[in-house]
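Please open the model in a viewer and keep the selection tool at hand. The stops below proceed from one selection to the next.

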Amino acid sequence: MSVRRTKFIVVVGPSGTGKTRFINLASEQSLPEGNDSVELCTRTIQTVELMLDEQPVVLIDAPAFDAPGVRDRSKRTIATFLRMLHKQETDLVGIIYMHRIVDNRMGTASVDGFRAFKELCGDAAMPNAAIVTTMWDLVQAGVGEARESELRTADHGFRSAIDGEAKLRRHYNTAESAKNILRELLRNTPKPLRCQVDSDVGSVRSSYVPAPAPKLGNGRVPGCLRKVLYLLYCATSCDGRPNIESCMIQSSDGKM
Ligand SMILES: Nc1nc2c(ncn2[C@@H]2O[C@H](COP(=O)(O)OP(=O)(O)O)[C@@H](O)[C@H]2O)c(=O)[nH]1
Ligand SMILES: [Mg+2]
């Protein structure tokens, strides 16, 4: 029996929008959520493997865009990580941008987060993107629907992405709901995100602050990704431009 190639999906968005919850539900894992998540979890990349309908999948829980002072660093961390996946010719089939339907307006975190998402994704890959709204259990149905409709059509909402063929989907805080969203994205043909092919996205600025060591989710990160995560840590820990090559000879376990 042939082994299917692993497909990758990255989940981005402001903190508290339900990224980790979504990943936990889909994968039956228990990465720390909300108040349980220590600072590291919101600032570093975590990956989780799962099998969905016999398809191996890796979900990438990206650092939040909006933690004070770290938005640029988060963007850079995600971009560097995804560029390395691209060099390894992995199949990235989707990007999810999370939004809380419970928020009655697009606050600063949402506006900035959405802008960062569009920058990372780019127009060409927008058909592989899904904007996923969460916390439907915390709003009255009519209120949620009215907000969703405004987000879909208003210029100050997600219209620009939806015009570019991004999907707008509801996540109902259940495993099946999360899996259904993943199933739809898994049908996509892999397309590189803009940040994977354009090194200007997430480029280093002078205000650079070294990133903390990556958290390897529950020890279930596959060997190849562990290497990537370690390289990422090396790369983002250097001052100035990331220097991937100089990190290639190092290894967290001596087995590079
Ligand atoms: N009631 C409800 N709580 C949710 C939902 N999604 C996430 N949460 C909770 O909201 C908090 C923030 O979610 P988390 O996944 O940590 O957000 P992240 O920062 O985007 O990873 C956690 O306490 C979650 O358990 C949802 O759809 N409904
Ligand atoms: Mg989280």
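Helices (H or I, at least four residues) and strands (E, at least two) are DSSP runs, numbered from the N terminus. This is a predicted model, in which local features need pLDDT of at least 70, side-chain atom pairs count only at pLDDT 80 or more, and totals for chains, interfaces and linings use all residues. Residues are numbered from 1 along each chain as its sequence is written, while chains are lettered from A and ligands numbered from 1 in the order in which they are written.

**Whole chain.** Select the protein chain, which has 10 helices and 6 strands. Of its 256 residues, 43% count as buried; a residue is buried if 20 or more other C-beta atoms lie within 10 Å of its own, exposed if 12 or fewer, and partly exposed in between, with C-beta atoms placed from the backbone. Two residues are in contact if these C-beta atoms lie within 7 Å. Among contacts between residues at least 6 apart in sequence, 74% join residues at least 24 apart.

**Helix H1.** Select residues 19-27, which form H1. Of its 9 residues, 7 are buried, namely Lys19, Thr20, Phe22, Ile23, Asn24, Ala26 and Ser27. These buried residues pack against S1, strand S2 (46-52), S3, S4 and H7.

Move next to Glu28, in the loop between H1 and helix H2 (39-43). Glu28 is not a glycine, yet its phi is positive, about 55°. Is Glu28 buried or exposed? Glu28 is exposed, with 9 other C-beta atoms within 10 Å.

**Ligand 1.** Select ligand 1 and its shell, counting a residue as near if its C-beta atom, placed from the backbone, lies within 6 Å. The ligand is surrounded by 17 residues, of which Gly18, Thr20, Arg21, Gly34 and Asn173 are the closest. H1 supplies the largest share of this shell, 3 residues. By class, the shell holds 4 nonpolar, 9 polar and 4 charged residues, where Ala, Val, Leu, Ile, Met, Phe, Trp, Tyr, Cys and Pro count as nonpolar, Asp, Glu, Lys and Arg as charged, and the others, Gly among them, as polar.

**Strand S5.** Select residues 129-134, the strand S5. In a regular strand the side chains alternate between the two faces of the sheet. Here Ala129, Ile131 and Thr133 are buried on one side, and Ala130, Val132 and Thr134 are buried on the other.

Add S4, which pairs with S5 in the parallel sense over 6 bridges; strands pair if DSSP finds at least two bridges between them. Ile95 stands opposite Ala129 of S5. Then display S6 (residues 167-170), which runs parallel to S5 and is joined to S5 by 4 bridges. Val132 has Arg169 in S6 as its bridge partner.

**Nonpolar core.** A nonpolar core is a set of buried Ala, Val, Leu, Ile, Met, Phe, Trp, Tyr and Cys residues joined through C-beta atoms within 7 Å. Which members of the largest core touch the most other members? Among its 52 residues, they are Val10, Val11, Leu120 and Ala129. H3 gives the most to this core, with 6 residues. Finish by centring on Leu120, which, leaving aside residues up to four places away in sequence, touches Val12, Lys75, Ile78, Ala79, Leu193, Arg194, Cys195 and Val201.
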